[in-house]
Amino acid sequence: PGSQGCASAPSVPLQYGLYSSFMGCFVYCLLGTAKDVTLGPTAIMSLLVSSYAFHQPVYAVLLAFLSGCIQLAMGLLRLGFLLDFISCPVIKGFTSAASITISFNQIKNILGLQGIPRQFFLQLYETLRRIREARAGDAVLGLSCLAALAGLRAMKSHLPQAAPTEALAARISYLIVWVSATARNALVVLFAGLVAYSFQVMGSQPFRLTGSIPQGLPAFRPPRFSLAAPNGTVPFPSMLQDMGVGLAVVPLMGLLESVAIAKAFASQNGYRIDPDQELLALGVANVLGSFVSSYPITGSFGRWVAGGGAGHSLGRGALVLLSLAYLTSLFCYIPKAALAAVIISAVLPMFDAGIFRTLWRVKRLDLVPLCVTFLLCFWEVQYGIVAGVLVSGVLLLYSIARPPIKVSEGAVLLVQPGSSLHFPAVEHLRDSVCSRALAASPARSVVLDCCHVSSIDYTAVLGLAELLQELRRHGLPLAFCGLQDPVLQVLLSADLEGFQHFPSWEEAEQCRGAELGGSRAEPFTSTESTGLI
């Protein structure tokens, strides 16, 4: 997992992916609330780090420390509820765009190309322009690894369950196939490494290799808060300014990714998670991880989990430590094309084409934040996320400012707001009531049915007072009915002139209709319904 995460982030050397892979395993098994989740570097987080680390490990490690501090503070302040303000279309738009950008970022390694820029559109242009420079060895190996991974994934999904009554040989065969399909990433990388080593022994090398990785565990030390540069030292405030919006985007997206996968496992296995505790676990893991040269880590959408529980998490962390201590000399023979194939295989399933069809069928308006996030993430990830959240917020505010208002005509004019009344909706309500009341023939009393109104603010109270006065000037009484206790107490405390309320619209109809000589000769008929659809 460390190699996968770091291979997609060209901003730091490969060994930092391994440095980022063990601390989260130990911390999360103690503090996390989802027993099936482990923390570590992921392709999405690596993509974000590559945007803000400026090819400097010092920036990446400091970003882990600062992200951890922010997440820890949010957990202590119990701000996990803020995740509720990030809608599903925004998350789906980001993850779908990330799956494409991360996958395409690996095409250069599949083809053996070098010097390809990071920005998606420049990357697309340069890759197509230089397609003739592709190395045959890398292309053949990369495509072969992709085919093998796809085949093993399909094999696992269609593998029938071995019955306990079957012969021992059949059960052993099932176990071998299941293990091979489950550990497909490791098997493909191991096979590719053996092929590359064989060519190396024969004196030729048709593949681009990952290169040597320093052996040994990272030193336990605090992150550096300044950076030596050719023209002097970059101080801590300047580093903060350089990272800019990344200080908000990285910890937020780390939390989103971790909580999303934790909720998926919790729903599947029948337990609940605590977002605030998840914040604490993620914050502590990132802070302590920065002391061992880790860049920001999180839970993963695509991380393979071969069994849950603390034992698995501890085992994963111990395996990474063992690899750092004794096996890094073997990593230099791993072809970049094989790692690229593993990354592409891991992130492509994150692209959810069905969400576009689902939203078109269920709620087309939600396609707006989805498409805005999806498209802008190809430009810059942070722009896509921020724009998607803003668009979702505007749609939410619009539904508050323009609640559905149903107007029914009978002996009286019955007006039913479809939701609570807050200050952005006051003018809309006044205009709707006045236009219908003044246009009604014959003149009718107006009854405002507030059965759906559970809260009201002071500006809305002032607007209702002005509505009472305006209708009174035209000789039209206004009464309220169906008031819930909190709303009734607010209106009574405001001491509105001419305020009258009834328990039900039937009583209001009888009383107010009689005042204008009306009768209940016809039932209510709905003639207007406005609002956001």
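## Close-up views of a predicted model

**View 1. S293, a buried serine with an unusual sign of phi.** S293 has a relative accessible area of 12%, so this serine counts as buried, being under the 20% cut-off. What we're looking at here, and in every view below, is a predicted model. S293 sits in the loop that runs between α14 (275–290) and α15 (310–331). Its phi is positive, about 65°, even though S293 is not a glycine. The UniProt record (an unreviewed entry) lists residues 279–297 among its "transmembrane region" spans.

**View 2. D495, a positive phi in an exposed residue.** D495 is found in the loop between α22 (485–494) and β7 (501–502). Phi of D495 is near 55°, again a positive value in a residue other than glycine. So is D495 buried or exposed? With 66% relative accessibility, D495 counts as exposed, because the cut-off for that label is over 50%.

**View 3. The whole chain, for orientation.** Before going further in, here's the overall picture. The protein has 533 residues, and buried ones make up 48% of them. Its secondary structure comes to 23 helices and eight strands. Of the contacts between residues at least 6 apart in sequence, 76% join residues at least 24 apart. About 24900 Å² of the protein is exposed, with carbon and sulfur atoms supplying 64% of that area.

**View 4. Two spans from the UniProt list.** The unreviewed UniProt entry gives several stretches as "transmembrane region", including 339–360 and 372–398. Residues 339–360 are 73% helix and 0% strand in the model, and the C-alpha atoms at the two ends are 37 Å apart. For residues 372–398 the helix share is 85%, strand is again 0%, and the end C-alpha atoms lie 18 Å apart.

**View 5. F65 and F225, an edge-to-face ring pair.** The structure holds 15 aromatic pairs, and this view picks out one of them. The ring centres of F65 and F225 are 5.6 Å apart and the planes meet at 85°, so the pair is edge-to-face. F65 belongs to helix α5 (residues 57–76), while F225 lies in the loop between α11 (184–201) and β1 (227–229), so the two rings tie together parts that are 160 residues apart in sequence. F65 is buried, at 16% relative accessible area, whereas F225 is partly exposed, at 36%.

**View 6. A phenylalanine cluster, plus a charge over a ring.** Which residues do ring pairs link into a cluster? They are F104, F120, F121, F351, F356, F374 and F378. Also shown is W360: the charged end of R364 sits over the W360 ring, 4.0 Å from the ring centre.

**View 7. Polar contacts of two buried side chains.** S46 is in helix α4 (residues 43–52) and is buried, at 0% relative accessibility. A polar atom of the S46 side chain lies 2.7 Å from the backbone oxygen of T42. N105 is placed in helix α6 (residues 88–105) and counts as buried too, at 8% relative accessibility. What joins the side chains of N105 and Q123? It's a polar contact of 2.9 Å.

**View 8. G244 and Y52, from separate parts of the sequence.** G244 is in the loop between α12 (236–243) and α13 (246–269). G244 is partly exposed, with 35% relative accessibility. Measuring aside, the model puts the C-alpha atoms of G244 and Y52 8.2 Å apart in space, although the two residues are 192 apart in sequence.

**View 9. E470 and its partners.** E470 lies in helix α21 (residues 458–473). Leave aside the neighbours within four places in sequence, and E470 is in contact with R430 and C434. C434 is 36 residues from E470 in sequence, with a C-alpha to C-alpha distance of 8.2 Å.

**View 10. The cis peptide bond at P442.** S441 and P442 are joined by a cis peptide bond, with omega at about 0°. P442 is part of the loop between α20 (426–439) and β5 (446–449).

Terms used:
Residues are numbered from 1 along each chain as its sequence is written. This is a predicted model: local features need pLDDT of at least 70, side-chain atom pairs count only at pLDDT 80 or more; totals for chains, interfaces and linings use all residues. Side-chain values use heavy atoms; hydrogens and water are left out. UniProt positions are given in the numbering used here, feature names are shortened, and annotations may be inferred rather than shown by experiment. Helices (H or I, at least four residues) and strands (E, at least two) are DSSP runs, numbered from the N terminus. Buried means under 20% relative accessible area, exposed over 50%, partly exposed in between (1.4 Å probe, protein chains only). A polar contact is a pair of N or O atoms within 3.5 Å; within protein, one must be able to donate a hydrogen and the other to accept it, and residues adjacent in sequence count only if both atoms are side-chain atoms. Rings of Phe, Tyr and Trp (its six-membered ring) pair if their centres lie within 6.5 Å; planes under 30 degrees apart count as stacked, over 60 as edge-to-face and the rest as tilted. A charge sits over a ring if NZ of Lys or CZ of Arg is within 6 Å of the ring centre and within 35 degrees of the ring normal. Contact means heavy atoms within 4.5 Å. Accessible areas come from the Shrake-Rupley method with a 1.4 Å probe; for residues, only the protein chains shown count as cover.
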